[in-house]
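I sat down with this model to look up a few points about its strands and helices. My entries follow in the order I made them.

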Amino acid sequence: MAWALKLPLADEVIESGLVQDFDASLSGIGQELGAGAYSMSDVLALPIFKQEESSLPPDNENKILPFQYVLCAATSPAVKLHDETLTYLNQGQSYEIRMLDNRKLGELPEINGKLVKSIFRVVFHDRRLQYTEHQQLEGWRWNRPGDRILDIDIPMSVGIIDPRANPNQLNTVEFLWDPAKRTSVFIQVHCISTEFTMRKHGGEKGVPFRVQIDTFKENENGEYTEHLHSASCQIKVFKPKGADRKQKTDREKMEKRTPHEKEKYQPSYETTILTECSPWPEITYVNNSPSPGFNSSHNSFSLGEGNGSPNHQPEPPPPVTDNLLPTTTPQEAQQWLHRNRFSTFTRLFTNFSGADLLKLTRDDVIQICGPADGIRLFNALKGRMVRPRLTIYVCQESLQLREQQQQQQQQQQKHEDGDSNVYHAIYLEELTAVELTEKIAQLFSISPCQISQIYKQGPTGIHVLISDEMIQNFQEEACFILDTMKAETNDSYHIILK
């Protein structure tokens with residue numbers, strides 16, 4: 001009887017447990033698939049970069065963003081549930097990005113009736129390529145002269161005012177727009193993902209890019225420096241029609257998977273919502289001069305006085321004495337990094353002052369930036385100059401010294417009198433006679449054309465014509481006295497090194 005009384009109790013416990021398990025299994029339905037995948041809490045939980053947690057504070061989970069950007073291109077169905085979406089684009093094809101105003105009533109009233117500025121960028125998604133972005137883009141510029149990475153299709157765009165393209169920044173465009181009006185910008189990406197692979201063997205996989213949009217409002221000085229919102233999405237760019245074929249291939253692969261396997265992947269959405277991210281560090285954000293070129297014209301496509309032409313003059317190199325000082329502010333440090341070709345590391349050193357950077361050891365910099373760029377950055381921080389291949393010292397022969405030589409005074413007396421002459425250092429890199437001619441002409445403020453030949457006084461006073469090979473055999477820090485002799489042609493001289 002005791003056994004018969006326990007049976008109903010056991011059945012009741014089992015039945016209760018089954019009900020709980022069944023309820024728990026139903027609780028997840030509708031959260032992983034469908035429109036819920038685009039809820040803001042899910043969007044904000046996505047990492048901005050691989051192996052990098054979101055930099056947004058936890059209290060932003062339920063925050064409604066002031067702006068939303070929607071790329072009108074379908075997402076790939078071969079992306080797992082908790083991974084960031086991936087969108088395929090065709091090279092050179094125009095894709096619409098809708099600029100939506102999501103502000104609640106009374107939010108950001110200071111921009112009502114005013115324009116905001118948005119900056120579009122195509123940047124690398126992989127951290128390895130982010131570290132070498134400058135070199136990668138310069139290599140692309142070399143292989144594709146006259147082309148840009150990112151362009152705006154102005155005739156198709158709606159609501160954009162005064163679009164600009166900096167000829168020195170191939171992957172960046174910007175424009176003004178009114179949040180109260182319909183705004184759609186059509187972009188074209190001209191690089192393809194396989195152009196930045198290692199090329200070790202055939203069939204290389206293309207690298208992913210990011211489309212990032214940063215939006216700013218105008219401050220009291222008329223400068224667009226106050227950050228409002230930033231968002232980005234992951235893309236891959238294929239040759240024309242390649243994105244359509246890749247999308248079809250992914251869709252066919254997913255159709256072959258079992259229903260259980262399909263549950264681990266996101267469905268393909270018709271549009272791509274850009275997710276919130278940190279603003280891109282750029283000196284134009286923190287030190288942006290007033291923009292007189294921003295006006296109501298829709299046909300302008302320039303930056304400053306430039307006309308957007310790819311045939312532009314390169315930026316002048318940074319000054320030789322551009323050393324970082326301990327008193328340098330974080331904003332000035334960002335500018336110094338840009339001037340010295342370390343733009344890829346500005347995000348890593350966003351809040352570093354000059355003193356912070358100078359405290360880094362050689363091992364610290366190499367660990368942060370990698371061996372090649374780390375050594376280059378460490379040398380730049382320490383202000384180390386490249387030693388010349390050869391240094392010689394020269395002085396112009398004085399009349400007094402010439403008379404003393406003619407009188408054949410003792411060697412000791414000549415040496416003492418020679419010490420009274422001022423010597424100048426000449427630094428040689430190419431070790432050629434042409435370079436020596438230019439350096440001597442520069443030293444004495446004359447034209448190189450006025451120097452006909454350079455001789456070296458040899459044994460018994462003979463004059464030996466200086467050649468490249470002779471200069472390459474000069475001793476380091478050798479001292480010479482320069483004598484001049486009128487050449488046969490007018491207004492030119494022979495230089496004799498004694």
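Is Thr391 buried or exposed? I noted beforehand that the model is a predicted one. Thr391 has a relative accessible area of 6%, and the cut-off for buried is under 20%, so I entered Thr391 as buried.

I then looked up where Thr391 sits and what surrounds it. The residue belongs to strand β13. Leaving out residues up to four places away in sequence, I listed its contacts as Ile426, Tyr427, Gln475, Glu476, Glu477 and Ala478.

Next entry: the sheet that holds β13. I found six strands in an open sheet, ordered β14-β13-β17-β18-β15-β16, with mixed pairing. The edges are β14 (424-428) and β16 (463-465); each has a single partner strand, so one side of each has no neighbour in the sheet. From one strand to the next the twist averages 40°.

Within this sheet I checked one pair. Strand β17 (residues 478-486) runs antiparallel to strand β18 (residues 493-497), and five bridges join them. I found Lys486 opposite Tyr493 in β18.

I also looked for a helix on these strands. Helix α14 (residues 433-443) lies across β13 (390-396), β14, β15 (451-457), β17 and β18. Its direction is at about 150° to β14.

Separate entry: strand β8 (residues 183-189). How many of its residues are buried? I counted seven of seven. On one side the buried residues are Thr183, Val185, Ile187 and Val189, and on the other they are Ser184, Phe186 and Gln188, so that I recorded both faces as covered.

I looked up two pairings of β8. With strand β3 (residues 95-101) the pairing is antiparallel over five bridges, and Glu96 has Phe186 in β8 as its bridge partner. With strand β5 (residues 150-152) the pairing is antiparallel over three bridges, and Ile152 stands opposite Ile187 in β8.

Last entry: a helix pair. Helix α10 (residues 362-369) packs against helix α11 (residues 371-381) at an angle of about 140°, and the axes are 7 Å apart. I therefore classed α10 as oblique to α11. Their crossing is right-handed.

Which residues of α10 meet α11? I listed Arg362, Val365, Ile366 and Cys369 from α10. On the α11 side they meet Pro371, Asp373, Gly374, Ile375, Leu377, Phe378 and Leu381. By class, I entered eight nonpolar, one polar and two charged residues for the contact of α10 with α11.

Notes. Residues are numbered from 1 along each chain as its sequence is written. This is a predicted model: local features need pLDDT of at least 70, side-chain atom pairs count only at pLDDT 80 or more; totals for chains, interfaces and linings use all residues. Side-chain values use heavy atoms; hydrogens and water are left out. Two strands pair if DSSP finds at least two bridges between them. Helices (H or I, at least four residues) and strands (E, at least two) are DSSP runs, numbered from the N terminus. Axes are lines fitted to C-alpha atoms, for helices over the stretch in contact, and angles run from 0 to 180 degrees between N-to-C directions. Contact means heavy atoms within 4.5 Å. Angles under 35 degrees count as roughly parallel, over 145 as roughly antiparallel, 65 to 115 as roughly perpendicular and the rest as oblique. A crossing is left-handed if the near helix is turned anticlockwise from the far one by less than a right angle, and right-handed if clockwise. Ala, Val, Leu, Ile, Met, Phe, Trp, Tyr, Cys and Pro count as nonpolar, Asp, Glu, Lys and Arg as charged, and the others, Gly among them, as polar. Buried means under 20% relative accessible area, exposed over 50%, partly exposed in between (1.4 Å probe, protein chains only).
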